[in-house]
Amino acid sequence: MVVHYSMVHSDGDGEEKGELMVERKHTGNLWTTTLKTTAGAFGGKPIIPAAINNMEVKLESDRKTKFHAKYVNPTKNRDIHIDVDRVPGKSAHVVITNGARKHDLTFKVGDLNFKNMDGVFNIAIDGTSLGEPVHGKISGSKNGDVNVVQMELEKGNKKFIQIDTKIKKNLAAMSFEARTKYAILGGKIAGKVLIKLADNVLTLKNTDGESNSIELI
């Protein structure tokens, strides 16, 4: 689908022209969706904001092992590309670039069975982020009726993210409780989060490292 537009400004600035293109296609084993806007040269203040009148968004995937996304917007200084190559059930290689800025991460999976989601798994993370080494892991374990999910991530050999979540649920009673402890940037940002559903009441509570709390019910 292509839309051509033309608007004559009553203030005498002239004619504003442009184009919007939306395309969805299936070629071989790849599905591709593209949205692109183009604006002609115009000396006045445009009706269509400059932030969106000259950009491109493209998504491409085989829905199994490959995914590519592109967002180019010169006005916002964006040239973002995301590439994901996946070996189902084993690993995923993710590369994210924005101009010269680059993140290159590999996720390797162990003990994760999508046919029997018992909450026990291990995911190793290795790569680089903006030129610094990144290492970490995400693990899941089970202790009785409590599932535990932990995440540890180091960047440049310094603690970057630490998350410890304990989840308890009762499907018959339609109740759920998740308690999370988090520390970011080596503890510069830290606190606890409680998410609880009981008796049809949902409670959200965040307590920061100085014991200040925000609670929503």
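**Close-up 1. K155 sits over the ring of F160.** In this predicted model, K155 lies over the face of F160, with 5.7 Å to the ring centre. That distance falls inside the limit used here, because a charge counts as over a ring when NZ of Lys is within 6 Å of the ring centre and within 35 degrees of the ring normal.

**Close-up 2. R63 covers the face of W31.** Here is another view of a charge over a ring, this time with an arginine: R63 lies over the face of W31, at 4.3 Å from the ring centre. If you go looking for aromatic rings paired with each other, the count for the structure is zero.

**Close-up 3. E154 and K159 meet in a salt bridge.** The two side chains come to 3.6 Å, N to O. E154 has a relative accessible area of 28%, so this residue is partly exposed. K159 is partly exposed too, with a relative accessible area of 41%. Searching the whole structure gives seven salt bridges, and the next two views show others.

**Close-up 4. D164 is joined to K166 by a salt bridge.** The closest N and O atoms of D164 and K166 are 3.4 Å apart. K166 counts as partly exposed because its relative accessibility is 43%.

**Close-up 5. E15 pairs with K17 in a salt bridge.** The distance for E15 and K17 is 3.9 Å, N to O, which is inside the 4 Å limit for a salt bridge. With 38% relative accessibility, E15 counts as partly exposed. K17 is at 48% and therefore counts as partly exposed as well, since the exposed class starts over 50%.

**Close-up 6. Seven nonpolar side chains share a patch on the surface.** Take a moment to find the members in the view: F176, I195, L197, L202, L204, I214 and L216. Together they offer about 580 Å² of accessible area. Three elements give two or more residues each to this nonpolar patch: strand 14 (189-198), strand 15 (201-208) and strand 16 (213-216).

**Close-up 7. L202 within the nonpolar patch.** This leucine belongs to strand 15. Is L202 buried, partly exposed or exposed? Its relative accessibility is 45%, so L202 counts as partly exposed. Patch residues need over 30% relative accessible area, and L202, at 45%, is listed with the patch members.

Notes. Residues are numbered from 1 along each chain as its sequence is written. This is a predicted model: local features need pLDDT of at least 70, side-chain atom pairs count only at pLDDT 80 or more; totals for chains, interfaces and linings use all residues. Side-chain values use heavy atoms; hydrogens and water are left out. Rings of Phe, Tyr and Trp (its six-membered ring) pair if their centres lie within 6.5 Å; planes under 30 degrees apart count as stacked, over 60 as edge-to-face and the rest as tilted. Patches are made of residues with over 30% relative accessible area and no salt bridge: like charges are joined within 9 Å, nonpolar side chains (Val, Leu, Ile, Met, Phe, Trp, Tyr) within 5 Å. Accessible areas come from the Shrake-Rupley method with a 1.4 Å probe; for residues, only the protein chains shown count as cover. Helices (H or I, at least four residues) and strands (E, at least two) are DSSP runs, numbered from the N terminus. Buried means under 20% relative accessible area, exposed over 50%, partly exposed in between (1.4 Å probe, protein chains only).
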